[in-house]
Amino acid sequence: MTDRPDIDRPFVDRPVVDRDAALQVARTQAAAWGLDDPVVLRHGMNALYRCGSVVLRVGRATGPAAASHELVRWLLDNGIPTVEPVDGITADLDGFAVTGWRLERETRRAVDWRVVGSVVATVHRLPQTGVPGSYPVPSPTVFPWWDFDGLLEDVSTDIDAAALDGLRSAVERHREWRSDVGVDPVLCHGDVHPGNVMMTGRGPLLVDWDLMCVAHPAWDHAMLANHHRRWGGDPAVYDAFAAGAGTSLRDDPLTTALGELRDVAATLLRVRAGRHDDAARAEAEQRLRSWRGDVDAPVWRAQ
């Protein structure tokens, strides 16, 4: 076990902005590894490319690419179902971390959220000291998109007064989250939501461990517990998740606070992205209707 890197940040905390550069890195490494030419799967915090039976993940990491493989091998050894790394497919090139993963084929079956809840509970019981030393596990209080005062200041001129008041009121209501989230801390996946679960022939896989952190268990419950409020989720999803986890935090004050603050962050980031992206601007406007108190505000859409 090596000393943990002295980085008070998650493994990935900034998106891939230069998509052309990311694609060039993917092509360079695919050729070096004898893989098929990369085909874009999607862009987000990372850029994902299919190269035959291998998926290449290209992102701006805070540590070496190999650290993500080391983490996932440890998780697999501890019975956590997730996507398997492809040995020997890691590189750090031009500021990007490039990693290779086994291509998983998703089924049309509904996600078994009870199993997902059980998996998350298992993660919470893992020893924090067991995480490979190369991988950062910070507090979520350092996540830049949870710096609400800074974000509000940045986008204040892009938001009308009514919506801004609604957003600020939410932040003020839950100002204590920064201290409360550190109570009874456990190892957390960090970003449990439907987009990070793949339903495969092997069952559900919990993927994308970039935001692994140490926090109160509510951190991993909050999104699903509140997903029905603005995102159009089915409340039964969290009921099944909680049954698998062995506990429901739906009525827990911290879970409620974190759920609403996630919505604040999601709105402010869409407003910021909307400065240069028409689709983001349109979605931001839809979300702002909720903060104005519009009873007819539409369901939010993930982007």
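**Exercise 1.** Leaving aside neighbours within four places in sequence, which residues is Gln-29 in contact with? Then decide whether Gln-29 is buried or exposed.

*Solution.* Note that this is a predicted model. Start with the location: Gln-29 is part of helix H1, residues 19-32. Next, list the contacts beyond the four-place limit: Ala-91, Leu-93 and Val-98. Now take the accessibility. Buried means under 20% relative accessible area. Gln-29 has 11% relative accessibility, so Gln-29 counts as buried.

**Exercise 2.** Classify the aromatic pair of Phe-143 and Trp-219, and locate both residues.

*Solution.* A pair of aromatic rings is described by the distance of the centres and the angle of the planes. The structure holds 11 aromatic pairs. In one of them, Phe-143 and Trp-219 have a centre-to-centre distance of 6.0 Å and 75° between the planes. Planes over 60 degrees apart count as edge-to-face. That is the class of this pair. Phe-143 sits in the loop between helix H3 (113-125) and helix H4 (148-155), while Trp-219 belongs to helix H7 (residues 218-230). They are 76 residues apart, so the pair links distant parts of the chain. Both Phe-143 and Trp-219 are buried.

**Exercise 3.** Why is the pair of Phe-148 and Trp-177 edge-to-face?

*Solution.* The ring centres of Phe-148 and Trp-177 are 6.4 Å apart. Their planes stand at 75°, so the pair is edge-to-face. Phe-148 is in helix H4 and Trp-177 in helix H6 (residues 177-180), so the pair ties together parts 29 residues apart in sequence. Phe-148 and Trp-177 are both buried.

Definitions and conventions:
Residues numbered from 1 in each chain as written. Predicted model: local features only at pLDDT ≥ 70, side-chain atom pairs only at ≥ 80, totals over all residues. Heavy atoms only, no water. Helix = DSSP H or I, 4+ residues; strand = E, 2+ residues; numbered from the N terminus. Buried < 20%, exposed > 50% of the residue type's maximum accessible area, 1.4 Å probe, protein only. Phe/Tyr/Trp six-rings, centres within 6.5 Å; stacked < 30°, edge-to-face > 60°.
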